[in-house]
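Work through the exercises below with the sequence and the structure at hand. Each task is followed by its solution in steps.

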Amino acid sequence: MLKIRFIEGRACPFVHCDSCGERIDRCDEGIVQIFSDGRARFVHRATPCDDRSDDEGWYGLDTFLVFLLQNVGYNASKAKHQVGLLTEAGDESCAGLG
Ligand SMILES: [Zn+2]
């Protein structure tokens, strides 16, 4: 699941495990399970959260995020420009916080 944490006045998005609820801090710590009804579930990799007994498959978190960004027409240059505009306006980046 995606959650927002408010840190130093900023709304910072993070990925959390749909099993234990804890934050997934790095791509190599998580997978996304895919189910036949179209659901996707973020879970910690290689932990008790990682029960693949009833899914239809899975992606590494990094792979899933790339596919997701492709499907919403993500433009890295435009996004970096917009983040730069936010920073110039005093809305600092969330990178490295939390
Ligand atoms: Zn977990």
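Two residues are in contact if their C-beta atoms, placed from the backbone, lie within 7 Å. The model used here is predicted.

**Exercise 1. Find what share of the contacts with a separation of 6 or more comes from residues 24 or more positions apart in the protein chain.**

Solution. Take the contacts in the protein chain with a separation of 6 or more. Residues 24 or more positions apart account for 43% of them.

**Exercise 2. Describe the protein chain by its helices and strands, its pattern and its span.**

Solution. Start with the count: the protein chain has five strands and two helices. Next, read along the sequence; the order is β-β-β-β-β-α-α. Then take the C-alpha trace, which spans about 50 × 30 × 20 Å along its principal axes. Last, consider burial: 12% of the 98 residues count as buried.

**Exercise 3. Check the length of helix α2 and decide whether α2 lies in the open.**

Solution. Helix α2 covers residues 76-88, which makes 13 residues. The expected span is 1.5 Å times one less than the number of residues. For α2 this should give 18 Å, and the end C-alpha atoms are 18 Å apart, so the two values agree. For the second part, a residue is buried if 20 or more other C-beta atoms lie within 10 Å of its own. The number of buried residues in α2 is zero, so the helix lies largely in the open.

**Exercise 4. Place R5 and list the residues R5 touches, not counting residues up to four places away in sequence.**

Solution. R5 is part of strand β1, residues 2-7. Leaving out residues up to four places away in sequence, R5 touches C12, F14 and G98. Now compare sequence with space for R5 and C94: they are 89 residues apart in sequence, while their C-alpha atoms are 9.9 Å apart. With 14 other C-beta atoms within 10 Å, R5 is partly exposed.

**Exercise 5. For E8 and A46, state the phi angle, the loop and whether each is buried or exposed.**

Solution. Begin with E8, which lies in the loop between β1 and β2 (10-15). E8 is not a glycine, yet its phi is positive, at about 50°. Residues with 12 or fewer other C-beta atoms within 10 Å are exposed. E8 has 9 such neighbours, so E8 counts as exposed.

Turn to A46, in the loop between β4 (40-44) and β5 (57-60). A46 has a positive phi of about 55° although A46 is not a glycine. A46 has 9 C-beta neighbours inside 10 Å and therefore counts as exposed.

Conventions. Residues are numbered from 1 along each chain as its sequence is written. This is a predicted model: local features need pLDDT of at least 70, side-chain atom pairs count only at pLDDT 80 or more; totals for chains, interfaces and linings use all residues.
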